[in-house]
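Biologist: Could you walk me through how the parts of this one pack together? Here it is.

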Amino acid sequence: MTYFADVAALTRKDLKVELRARDTLPAMLLFVLSTLVVFRFALPQGAGDDAAYGLLWVAIVFTALLGLGRAWVPEQEHGVLDGLVLAPCDRSAIWFGKTLATLAFLVAAQVVALPAFVLFFAPLDATALAGVVLADVGICAVGSLMAAMAAAGRARELLLPLLMLPLAIPLVVGGVGAAVSPEGERYLLFLALYDGVFAVLSWASFEYVITE
Amino acid sequence: MIRARGIEKRYGRRRVLAGIDLDVPLAGFVLVTGSNGSGKTTLLRIVAGLAAPTRGTLEVDVDRARMGFLAHEPLVYRELTALENLDLFGRLYRVPERRERIGMLLERFGLWEARGERVSTYSRGMVQRLALCRTLLHDPDLLVLDEPYSALDEQGAELLDRELDELVGRRTLVVSTHDPRRLERLATGRLALA
């Protein structure tokens, strides 16, 4: 139980920092809404719902990238990551806490973005929504690890998309599949499998990313 | 407690440390001196386990839960208050009677009145005092302090003097400084880096 108490303390800390700094969530909200507005005008009339679902996933992935790009900034300021690394807690708890906090920000952005999508483009059924939720988990689990790797490098803004976008392709395939395919449940299973495999890999490898 | 032999550290082709031997007995106080860029910070990061030596061996007979590290940077969150920062680290370090210990340290380092203010509003000296509180929070057996007097005013420096006076002989200390005059009286050993 101590492990989950550490995760809870680290997640709470991230939410508190964001509530005060307001660096990440407002930027994510503005970005996803403005992207959907641009897509509304960019999508030709009669393009169909399938194209709109594809654009939704472009918006989701890039909004997540925006959030992930800032995920480790509070730890980089004042060198706090060193302080966390030295603490006797399991280092994977640092990744777990960051993943949960990033997930909270992404879900909060989608609480606004998905109704806007329905308003501008097409309805979202339960399978499509489940696809979004499962893909969010995968994006945040892998993304928190990739963002930590990118943060350790010099060109964080360039490195994160280069690392993350190839890993996000299966999530986009699964998310779009869940929305447009008549066999959406199979895509949900695929997304759940991806989440499970990559969450375990990220959890297990985080320590090696943040220590020399 | 600490035994290092032939420690070398390279960043790419640049050699920062070469052939460093270090012995720190239990309850010893070793002063690491040297000019800017001599590798003091790198050596202390290696001792703390934050960096790995390129070559050489290092044995530190203390669990990371029992080590306190004061870095160049304060290792605290700017958007949290002093109380929130210490509470977070107190939880992670499993500090018994956390609230009492935090209150005592904040009082001792003159931060009690400012405990509810965000660190981003603190002066550099207050941030350094908070960093010292964070370092001492779990009453560590081994203290690794990198330039602990930096940014402290005279009052803060005297507080730290008193704290170190109390710790000498009871805890193991490795302290770096570019101005050893203040600490020479306490040191049981000295490592001068060129």
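Modeller: Sure, we'll go from domains to chains to helices.

Modeller: It's a predicted model, where local features need pLDDT of at least 70, side-chain atom pairs count only at pLDDT 80 or more, and totals for chains, interfaces and linings use all residues. Residues are numbered from 1 along each chain as its sequence is written, with chains lettered from A and ligands numbered from 1 in the order in which they are written.

Biologist: How far apart are the C-alpha centres of domain 1 and domain 2 of chain B?

Modeller: The domain assignment of chain B, automatic or from a database, puts 1-62 + 141-194 in domain 1 and 76-138 in domain 2. Their C-alpha centres are separated by 23 Å.

Biologist: Which element gives the largest share of the side of chain B that touches chain A?

Modeller: Contact here means C-beta atoms, placed from the backbone, within 7 Å, and 22 residues of chain B meet 20 residues of chain A that way. Helices (H or I, at least four residues) and strands (E, at least two) are DSSP runs numbered from the N terminus. Two elements of chain B, β5 (67-70) and α2 (82-92), give two or more residues to that side. The largest share, four residues, is from α2(B).

Biologist: At roughly what angle do the axes of α3 and α8 of chain A cross?

Modeller: Axes are lines fitted to C-alpha atoms, for helices over the stretch in contact, with angles from 0 to 180 degrees between N-to-C directions. Among the contact residues are Trp57(A) of α3(A) and Met164(A) of α8(A). The axes come within 9 Å, and the crossing is at roughly 145°.

Notes:
Two residues are in contact if their C-beta atoms, placed from the backbone, lie within 7 Å.
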